[in-house]
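This report concerns salt bridges and the packing of one helix. Please consult the sequence and the structure shown here while reading.

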Amino acid sequence: MSGFKTLQGKAVALDRANVDTDQIIPKQFLKRIEKTGFGQYLFYDWRFTKEGEPNQEFELNKEENQGAPILIANENFGCGSSREHAPWALGDFGFKVIIAPSFADIFHQNCLKNGLLPISLPAETVNYLLERAKNQPYELKIDLQNENIEDGQGFTAQFSIDDYWKKMLINGWDEIEITLQLEDNIADFEKNELVQH
């Protein structure tokens, strides 16, 4: 995974509440065993018509919203089943940061474990950002190191993140990579265990 200390880029609005994981990545696409390739199925039932054509009414299909690394959504984002495929799909589509008033707990943890930064802000702050992001171009700068957001037009907000996850996201680490950093210690331990038995 690639980490970041600061991220500046287009922020797009998905002004919908209670977006569940089956809307983020429908169940029929969960058969793949890789972590990659799920972006093409993100919000599939909203992005495409029943005939498989792009739905021009859907927010993320609009030309001005293409290529955004920041998604602004409404409350209870990521509710529903605990599928890890949801953050995989969001990340594969290109999102690095999701801002919402609230997230489902398991989804929030799955985002952090998979290199996505979920930021909770007060509802009135998110509503302001949603309205601004509906009129492109609109960019935000996310300063993960200092836990700050700004838009260069006078808006600033602070957010909080656990130090452990901040370090993981800045360095682009997942929990397997943390374990691999201790490879020498693990090998020494295994060697000592073999000697004792």
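The text below takes up the salt bridges and then the buried face of a helix.

The model is predicted. It holds six salt bridges. Side chains of opposite charge can pair when their charged atoms come close. Three of the pairs are set out in the table.

| Acidic residue | Basic residue | N to O distance |
|---|---|---|
| Glu59 | Arg16 | 2.8 Å |
| Glu131 | Lys134 | 3.0 Å |
| Asp151 | Arg132 | 4.0 Å |

**Glu59 and Arg16**

The side chains of Glu59 and Arg16 form a salt bridge, with 2.8 Å from N to O. Glu59 sits in the loop between helix H2 (44–47) and strand E2 (70–73), and Arg16 in the loop between strand E1 (6–14) and helix H1 (21–24), so the salt bridge ties together parts that are 43 residues apart in sequence. The relative accessibility of Glu59 is 18%, so this residue counts as buried; the cut-off for buried is under 20%. Arg16, at 27%, counts as partly exposed.

**Asp151 and Arg132**

In the salt bridge between Asp151 and Arg132, the closest N and O atoms are 4.0 Å apart. This pair also links distant parts of the chain: Asp151 belongs to the loop between strand E6 (148–150) and strand E7 (156–158), while Arg132 belongs to helix H5 (residues 123–133), and the two are 19 residues apart. Asp151 is buried, its relative accessible area being 9%. Arg132 has a relative accessible area of 25% and is partly exposed.

**Glu131, Lys134 and Asp15**

Glu131 and Lys134 pair through their side chains at 3.0 Å, N to O. Glu131 is partly exposed at 45% relative accessibility, and Lys134 is partly exposed at 42%. Both residues belong to a network of salt bridges that also includes Asp15.

**The buried face of H5**

Which residues of H5 are buried? They are Thr125, Val126, Leu129, Leu130 and Ala133. These residues cover an arc of only 140 degrees around the axis, and therefore lie on the same side of H5. The buried residues pack against several strands, namely E1, E2, strand E3 (97–100), strand E5 (139–143) and E7. Helix H5 also contains Arg132, the partner of Asp151 from the loop between E6 and E7. Unlike the buried residues listed for H5, Arg132 is partly exposed.

How values were computed. Residues numbered from 1 in each chain as written. Predicted model: local features only at pLDDT ≥ 70, side-chain atom pairs only at ≥ 80, totals over all residues. Heavy atoms only, no water. Helix = DSSP H or I, 4+ residues; strand = E, 2+ residues; numbered from the N terminus. Buried < 20%, exposed > 50% of the residue type's maximum accessible area, 1.4 Å probe, protein only. Arc of directions from axis to C-beta. Contact = heavy atoms within 4.5 Å.
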